[in-house]
Amino acid sequence: MHETADDLAKLQSLLDASIGGAGEHLRAIIRPGERTLTAGQLTTALDGMVVLVVATTTASGEPRASAVDGHFLRGRWVFTTSGTAAKARHLRKRPAVSTTHVDGERLGVFTHGNAEFLTPRDADFGWVEDHLVGHYGSSPSSWGDDIVYVRVQPTWTVAYAFTSSEFPEA
C-alpha cells in the first residue's frame with residue numbers, strides 16, 4: 001500500500017461526495033454504509049494489479065472500452081499502454097475517462113475523471129515507475145518505443161462491495 005494519511009483522507013472525501021451525489025437508483029443498489037467501502041478498505045482490496053476497463057470516446061462521440069493492467073496507487077488509477085493505441089490517442093484529445101474494475105458480485109469500483117500522461121519530468125513518475133518495475137520485473141518503458149504512463153485524476157468514484165465486512169481496513 002502506497003497511500004499516505006492525506007491520500008486516504010482525500011480518497012474518503014471523494015468516495016463520500018460521489019455516493020452522496022449519486023442518483024436514487026445507484027444508492028438503492030449500493031446502500032451507503034452497508035455495501036460501500038472506506039478508503040482504507042478500498043486501497044487494501046486493490047493492492048497489486050487488477051484488470052481495469054478503460055472507456056474513452058472517438059472524435060465522433062462513439063464509446064470505446066478496453067482492458068488494461070490497472071494499479072490503484074495513492075487513490076488514483078495508473079496504467080500503461082502503447083502511445084499508438086486508440087485509447088492513448090483518444091485520451092490525448094479528449095482526456096475525460098471512465099474506468100471500471102469488477103470482481104464478480106464481490107467488488108465493483110467505478111471512476112470518472114480525467115487522464116493525465118506522466119513523464120519522467122513529473123514528480124510522481126519515479127515512485128510510479130518503481131512500483132511497476134517491482135510488479136513486472138522490468139520497466140514498461142522497455143516494452144516498446146512509445147509506451148505511455150496514464151494516471152486518472154478522479155472526479156467521481158464509487159466502491160461497491162456486496163459484503164463490505166469481507167474487506168479489511170488498511
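Modeller: Two strands count as paired when DSSP finds at least two bridges between them. Keep in mind too that this is a predicted model.

Colleague: Okay, so how many bridges join E3 to E6?
Modeller: These two strands run antiparallel. One of the contacts to look for is Ser82, whose bridge partner in E6 is Ile147. Pairing needs at least two bridges, and the count joining E3 to E6 is 5.

Colleague: What do the helices and strands add up to in the protein chain, and in which order do they run?
Modeller: The protein chain has 5 helices and 6 strands. Reading from the N terminus on, the order of the elements is α-α-α-β-β-β-α-β-β-α-β.

Colleague: In which order do the strands run around the closed barrel?
Modeller: The barrel is closed and has 6 strands, with antiparallel pairing. From one strand to the next, the twist averages 40 degrees. Going around, the order is E1-E2-E3-E6-E5-E4.

Colleague: How many bridges hold E1 and E4 together?
Modeller: In the barrel order, E1 opens the list and E4 ends it. Val53 stands opposite Thr100 in E4. The pairing of E1 and E4 is antiparallel, and its bridges number 3.

Colleague: Which residue in the turn of the E4 and E5 hairpin has a positive phi?
Modeller: E4 and E5 pair in the antiparallel sense over 8 bridges, and Ala96 stands opposite Asn114 in E5. The hairpin has 3 residues between its two strands. In that turn, the residue with a positive phi, about 55 degrees, is Gly104.

Colleague: Which residue in E6 is the bridge partner of Gly113?
Modeller: Start with the two strands: E5 covers residues 107-118 and E6 covers residues 147-161, and they pair in the antiparallel sense over 12 bridges. Further along, Glu116 has Arg151 as its bridge partner in E6. For Gly113, the partner in E6 is Pro154.

Colleague: At what angle does helix H1 run to E6?
Modeller: Helix H1 takes in residues 5-20. It lies across strand E2 (63-73) as well as E6. Its angle to E6 is about 55 degrees.

Colleague: And what angle does the direction of helix H4 make with that of E3?
Modeller: H4 is made of residues 86-93 and packs on the sheet. It touches E1, E2, E3, E4, E5 and E6. With the direction of E3, its own direction makes about 120 degrees.

Colleague: Which element gives the largest share of the lining of the largest pocket?
Modeller: Rolling a probe the size of a water molecule over the atoms shows where empty space is left. The largest pocket has a volume of about 160 Å³, and its lining includes Asp7, Lys10, Leu11, Leu14, Gln153 and Pro154. Both H1 and E6 supply at least two lining residues each, but the largest share, 4 residues, comes from H1.

Colleague: How many residues in the lining of the largest pocket are charged?
Modeller: Among the lining residues are Asp7, Lys10, Arg74 and Arg76, and Asp, Lys and Arg count as charged. The rest of the split is 3 nonpolar and 2 polar. The charged ones number 4.

Colleague: What about closed-off space: which element gives the most to the lining of the largest cavity?
Modeller: A search of the whole structure finds 1 cavity of 30 Å³ or more, and about 60 Å³ of space lies in the largest cavity. It is lined by 11 residues, and His2, Asp47, Gly48, Phe72 and Leu73 lie nearest its centre. The lining divides into 4 nonpolar, 5 polar and 2 charged residues. The element that gives the most, with 3 residues, is E2.

Colleague: Last one: what is the radius of gyration of the protein chain, set against a compact globule?
Modeller: Along its principal axes, the C-alpha trace spans about 45 × 40 × 25 Å. The chain has 170 residues, so a compact globule would have a radius of gyration near 15 Å. The protein chain agrees with that, at 16 Å.

Notes
Residues numbered from 1 in each chain as written. Predicted model: local features only at pLDDT ≥ 70, side-chain atom pairs only at ≥ 80, totals over all residues. Heavy atoms only, no water. Axes fitted to C-alpha atoms, helices over the stretch in contact; angles between N-to-C directions. Contact = heavy atoms within 4.5 Å. 1 Å grid on protein atoms, 1.4 Å probe; cavity = no way out; pocket = protein on both sides within 12 Å on 5 of 7 lines; lining within 4 Å. Points joined across faces, edges and corners; volume = space filled by probe spheres on them. Rg over C-alpha atoms; globule rule 2.2 N^0.38 Å.
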